[in-house]
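Subject: The structure, and what turned up in it

Hello,

Here is the structure I promised to pass on to you. Have a look at it first, and then read on for my notes.

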Amino acid sequence: MGDAQRVVEALTKDEAGAVQRLIEWLRIPSISTDPAYAGQTREAAQWCADRLSEAGLQPVLRETGTKAKPGHPIVWAHYGGPEGYSGPHVLFYGHYDVQPPDPLELWESAPFEPVVRPAEKGDPKDVPGERIVARGAVDDKGQVAGFLEALRSWHEVVGPLPIRLTVLIEGEEESGSVNLERFVEEEKTHLGTCDVCVISDTGMLGRGQPAITTGVRGMAYTEIILTGPDQDLHSGMWGGRVRNPINVLVELLAQLHDDDQRVTLPGFYDRVIEPPQAERDAWAALPMDHVGGLEKIGLPREADAGEAGWTSVEREWARPTCDINGIYGGYQGAGAKTVIPSKAGAKVSFRLVADQDPETIAQSFKAWVQARLPVGFGLEFHDHGGGHPGAVPFDSPFLGAAESALEAASGTKAHLIKTGGSIPVVGLLKKELDLDTLLVGFGLDDDRVHSPNEKFELDCFRLCMRTHAHLIERFASL
Ligand code: BES
Ligand code: MN
Ligand code: MN
């Protein structure tokens with residue numbers, strides 16, 4: 001029996017232990033975007049470092065940010081590999097931070113009190129199978145845990161790893177990876193010796209349909225605040241005399257798209273590279289019903305909408321978009337108040353594709369808003385990070401290793417897909433180090449990522465652990 005197979009057997013035996021460990025991690029509310037959770041976020045980092053120690057590595061917590069604006073620690077570990085090793089140096093990346101759990105009232109169990117439960121009976125949208133429900137279950141603690149479990153079992157069953165490995169698990173992915181660039185810069189010499197990065201933070205094509213994701217979109221995320229009068233005003237006395245910041249804001253935002261749902265910022269599409277026809281054909285032939293997915297979110301197929309001239313899957317995987325993620329100002333409480341607010345704000349994100357540049361897009365958005373401000377109005381602008389789009393070249397020698405590991409673990413061939421989501425590190429590693437990333441993810445479309453009742457199917461968790469065991473063996477033999 002091969003080493004990976006022995007590890008898989010051990011993983012199968014101790015599955016209950018693995019689930020218990022994941023539950024412990026999920027209990028820690030590592031909400032990176034909210035400073036109130038800085039302590040717990042660090043605790044989640046330490047938890048992860050402790051598991052790496054148990055797997056025979058010597059992890060450290062590396063501080064990020066500055067004295068004035070501290071960031072969340074990066075879990076950092078390195079293993080040099082066997083004597084005389086000449087195979088690839090593998091970088092594993094993941095994130096231990098999670099999105100805020102809001103809105104809390106929509107959770108069926110508390111977001112940080114993980115439960116393992118079978119699919120709901122009677123809900124036609126639910127498919128049988130046990131799942132673990134908690135914030136971070138699939139994004140990304142559950143998937144990182146799959147890797148940690150593979151390391152733990154390898155250590156216990158086989159001994160020292162057969163590969164050179166660096167582990168980088170950050171705590172700011174969900175808040176735009178704002179301190180990551182600096183860290184990558186600092187560790188450029190070390191990271192420069194890596195040959196491939198592996199990430200489990202994406203999804204599969206569907207249940208029982210493993211996939212390798214060959215591209216993520218980039219992102220530019222900015223918050224704008226329009227300031228008008230220096231105080232809130234009675235809308236009877238002042239309505240009709242001054243522009244209302246909320247009225248101005250929504251007028252502006254409404255102009256961001258034209259009738260074809262194309263983004264109107266000048267030059268927005270200048271650097272967009274269109275997917276080759278062969279790739280579009282391959283996507284159309286994938287065994288999935290992308291438009292039908294709307295029915296799982298309470299919409300009819302007819303609600304399929306977006307940029308004219310592209311299919312649903314093309315719009316998700318290969319076209320840039322603009323979304324308003326939040327909008328505020330004025331009176332938000334119960335009942336009615338008659339007020340012209342002094343300020344109004346919106347959180348605006350752009351999903352980007354190759355070869356768009358996040359900085360350029362953010363700047364052009366800012367200039368576009370500035371040019372449309374009414375007399376006397378001010379503009380505040382807060383950058384929330386983001387990242388470059390990233391793609392894995394189809395001719396990467398590591399793609400074959402991932403395909404064969406997935407096949408060994410699942411018994412079926414992996415599909416090649418893309419995702420509309422973003423993982424800033426992918427573009428960063430490519431830009432700074434010319435390093436390619438393998439995105440081998442285990443999420444499902446209905447995992448409710450970033451939403452209430454986020455879950456990770458135990459079937460997927462199992463496949464994740466096994467795949468990482470096989471990946472280690474495949475990399476060692478390259
Ligand atoms: N794991 C996701 C990215 C993802 C989502 C991949 C869905 C595949 C399917 C990641 O944690 C994430 O949420 N990223 C953010 C990045 C942003 C904050 C810069 C995203 O995509 O919104
Ligand atoms: Mn994630
Ligand atoms: Mn996420």
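Below is what was found, taken up site by site.

Please keep in mind that this is a predicted model.

**The first metal site**

Let me begin with the manganese ion (ligand 2). Its protein donors are NE2 of His-95, an OD atom of Asp-139 and two OD entries from Asp-201, at 2.0 to 2.3 Å. If you want to find these donors in the sequence, look for the spacing H-x43-D-x61-D. The geometry here is irregular: the site has 6 donor atoms, with angles of 58 to 166° among them. His-95 sits in strand β3 (residues 89–95), while Asp-201 belongs to the loop between β7 (196–199) and β8 (211–213), so this pair ties together parts that are 106 residues apart in sequence. Both His-95 and Asp-201 are buried.

**The second metal site**

Next comes the manganese ion (ligand 3). On the protein side, Asp-139 gives an OD atom, Glu-174 is listed twice through OE, and His-450 gives NE2, at 2.1 to 2.5 Å from the ion. Along the chain, the donors of this ion follow D-x34-E-x275-H. This site is irregular as well, because its 6 donor atoms subtend angles of 55 to 156°.

What links the two ions? Asp-139 coordinates both the manganese ion (ligand 2) and the manganese ion (ligand 3), which are 3.6 Å apart. Asp-139 is in the loop between β5 (130–133) and α4 (141–157), and His-450 is in the loop between β18 (437–441) and β19 (455–457), so these two residues tie together parts that are 311 residues apart in sequence.

Are Asp-139 and His-450 buried or exposed? Asp-139 has a relative accessibility of 9% and counts as buried. His-450 is partly exposed, with a relative accessible area of 37%.

**Ligand 1**

Several of these residues come back around ligand 1. It is surrounded by 14 residues, and the closest are Glu-173, Asp-201, Arg-351, Ser-422 and His-450. By character, the shell divides into 3 nonpolar, 6 polar and 5 charged residues.

Three of the contacts to oxygen atoms of ligand 1 involve side chains that you have already met as metal donors:

- Asp-139 has a side-chain N or O atom 3.0 Å from an oxygen atom of ligand 1.
- Glu-174 places a polar side-chain atom 3.1 Å from an oxygen atom of the ligand.
- His-450 has a polar side-chain atom 2.8 Å from an oxygen atom of ligand 1.

How much of ligand 1 does the protein bury? Taken alone, the ligand exposes 520 Å², and the protein buries 84% of that.

**A contact between two side chains**

Away from the ligands, have a look at Thr-166, which lies in strand β6 (residues 164–170). The side chain of Thr-166 makes a polar contact of 2.9 Å with that of His-78. Thr-166 is buried, and its relative accessible area is 0%.

**Backbone features to look at**

There are two cis peptide bonds to point out. One joins Asp-102 and Pro-103, with omega at about -5°. Pro-103 lies in the loop between β3 and β4 (115–118). The other runs from Asp-139 to Asp-140, with omega near 5°. Asp-140 is in the loop between β5 and α4, and Asp-139 on the other side of that bond is the residue that bridges the two manganese ions.

Which residues other than glycine have a positive phi? Asp-434 is one of them, with phi near 55°, and Arg-448 is another, with phi near 60°. Asp-434 is in the loop between α13 (424–433) and β18. Its relative accessibility is 55%, so Asp-434 counts as exposed. Arg-448 is found in the loop between β18 and β19. With a relative accessible area of 44%, Arg-448 is partly exposed.

If you have time for one residue alone, I would open the view on Asp-139: it coordinates both manganese ions, has a side-chain atom 3.0 Å from an oxygen atom of ligand 1, and starts a cis peptide bond to Asp-140.

Happy browsing, and best wishes

How values were computed: Residues are numbered from 1 along each chain as its sequence is written. Chains are lettered from A and ligands numbered from 1 in the order in which they are written. This is a predicted model: local features need pLDDT of at least 70, side-chain atom pairs count only at pLDDT 80 or more; totals for chains, interfaces and linings use all residues. Side-chain values use heavy atoms; hydrogens and water are left out. A residue is near a molecule or strand if one of its heavy atoms lies within 4 Å of it. A polar contact is a pair of N or O atoms within 3.5 Å; within protein, one must be able to donate a hydrogen and the other to accept it, and residues adjacent in sequence count only if both atoms are side-chain atoms. Accessible areas come from the Shrake-Rupley method with a 1.4 Å probe; for residues, only the protein chains shown count as cover. Ala, Val, Leu, Ile, Met, Phe, Trp, Tyr, Cys and Pro count as nonpolar, Asp, Glu, Lys and Arg as charged, and the others, Gly among them, as polar. Donors are N, O and S atoms within 2.8 Å of the metal (3.2 Å for Na, K and Ca); water is not among the atoms, so sites may look incomplete. Four donors count as tetrahedral if all angles lie between 85 and 135 degrees; four count as square planar and six as octahedral if opposite donors are over 155 degrees apart and all others between 65 and 115; anything else is irregular. Helices (H or I, at least four residues) and strands (E, at least two) are DSSP runs, numbered from the N terminus. Buried means under 20% relative accessible area, exposed over 50%, partly exposed in between (1.4 Å probe, protein chains only).
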